[in-house]
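Me: I have a structure to look at and some labels I do not follow. Can we go through them one at a time?

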Amino acid sequence: MRAIWPDCKRAARPAGRDDGRGPDDGRRLFGVLMSREPSGGRMPEDRLCRMLAEAGRALGVRVIVFAPDGVREEGGSAVVRGWTLEGGVWSPCVAPAPPVFFDRRFPRAPAELASGLRAVRILQRHGAEPLGRALPGKARVHAALSRCPRLAPLLPPTVVFAPRRLAGLLAAHPAGLFLKPAAGMQGRGAAALRPEPGGDIVRITGRTMRSRPFEARVPADRLAEAAMRLIRGRAYLVQPLLPLRTAADEPFDLRLFAQKDGDGRWAVTGAAVRVGRPGTAASNLHGGGTARPAGAFLAAMLGGRTAERLLARAKRAALLAAREAERAFGRLAEIGADFGVGPDGRLWLLELNGKPGRAIFAEIGDAEGERLAAERTIRYGLRLMAAGAPVRGAPGGPAPGAPRERDDCPLYG
């Protein structure tokens, strides 16, 4: 393999203080850690990797994409075997561990999870740090956000699933219930429970953990048993089934993509409405949903001026939620904030995603937003490199020298 640095050594750069520069061209090195190696000449999330590589080139940064199996220790240093984009083609290379890496792992099996954790431990042992941390389970995130008086009214009532409580919850919320994994993503394992007229039968629609759609009708007195078969011992959350559907019975939500910019401040880079298939439980793109421009969709639903006010309020709420999550769980780089919008324009903050996808930009034709999202990722990485090393430990701690961020983000006004 062609090496970015001929000897791949950093003897003159002590671990933890490397600025990522290589002697070949002086460019800093920014890493992207994926769960798997490329297949057929394409990376996992190939479009994202290419956008990051192009943004890095414009900013004097070399982007190297690598998988956990490419991380190893040699002679007291960490080395990564990965790929850089050269002339539109991914070319293999070997390099020292980058000082900052963007963790885009989505492990599909326990072995992939274990391999990824091993790689991250090696990287951090030699001074490399992730761009941001992952969010914990949804129950802990909900609890953290509920402590903010300005966000609490936006959160749906949420409880941990327990079979004995299901009948009482359904009686309290006769429109239905929504079940979702406490540590799920992409709508996998989510299900809607809707009583049919008369209440003796409950219709369950959702997607399996393998993302396959399903539908079942069960007697109300056997609902707990059916729900137990669905969750299979996993931790689940239960919420009221909110009226978040189009006239064509399509589930929809409002996704806001927020991230840190080059100054370390939170900014909303993109917004889209995700619309699921008629009759299904969730709107995620991985489950067959589509994305539409947020402004036009909400204007058709609520009217232009109301839609503008609601979208502005959602953006303020997303930025406040990002800061509250960061305060509770440590430094973050980006989030996807998912909102529900009721027929009357009521706004609900459904959940935060710590590893949001970026497919919404291409889906709605927002090329500028997609470019800006990649640029902000690289610029924030440069900010952390310039600080010497990202702060370890203290939850929510900014990089050394980072400007303090405001906490007083009102939701109205």
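Reply: Below are short questions and answers on this predicted model.

Me: Why is Arg212 called exposed?
Reply: Exposed means over 50% relative accessible area. Arg212 has 53%, so Arg212 is exposed. Arg212 is found in the loop between strand E11 (201-207) and strand E12 (213-219).

Me: What makes Arg232 exposed?
Reply: The cut-off is over 50%. Arg232 has a relative accessible area of 67%, so the label fits. Arg232 lies in the loop between helix H5 (223-231) and strand E13 (236-240). Its phi is near 50°, a positive value in a residue other than glycine. Most residues other than glycine have a negative phi.

Me: Which residues form the positive surface patch?
Reply: Arg210, Arg212, Arg232 and Arg234 form the patch. Arg counts as positive, so the patch is called positive.

Me: Why is Asp249 called partly exposed?
Reply: Partly exposed lies between the 20% and 50% cut-offs. Asp249 has 32%, so Asp249 is partly exposed. Asp249 sits in the loop between E13 and strand E14 (252-260). Phi of Asp249 is near 65°, a positive value in a residue other than glycine.

Me: How do you know that the span of helix H7 agrees with its number of residues?
Reply: H7 covers residues 304-329, which is 26 residues. At 1.5 Å a residue, H7 should span 38 Å. The end C-alpha atoms are 37 Å apart, so the two values agree.

Me: What follows H7?
Reply: Gly330 does, with a positive phi near 105°.

Conventions:
Residues are numbered from 1 along each chain as its sequence is written. This is a predicted model: local features need pLDDT of at least 70, side-chain atom pairs count only at pLDDT 80 or more; totals for chains, interfaces and linings use all residues. Side-chain values use heavy atoms; hydrogens and water are left out. Patches are made of residues with over 30% relative accessible area and no salt bridge: like charges are joined within 9 Å, nonpolar side chains (Val, Leu, Ile, Met, Phe, Trp, Tyr) within 5 Å. Accessible areas come from the Shrake-Rupley method with a 1.4 Å probe; for residues, only the protein chains shown count as cover. A salt bridge is a side-chain nitrogen of Lys or Arg within 4 Å of a carboxyl oxygen of Asp or Glu. The place of a charge is taken as NZ of Lys, CZ of Arg, CG of Asp or CD of Glu. Helices (H or I, at least four residues) and strands (E, at least two) are DSSP runs, numbered from the N terminus. Buried means under 20% relative accessible area, exposed over 50%, partly exposed in between (1.4 Å probe, protein chains only). The expected span of a helix is 1.5 Å times one less than its number of residues.
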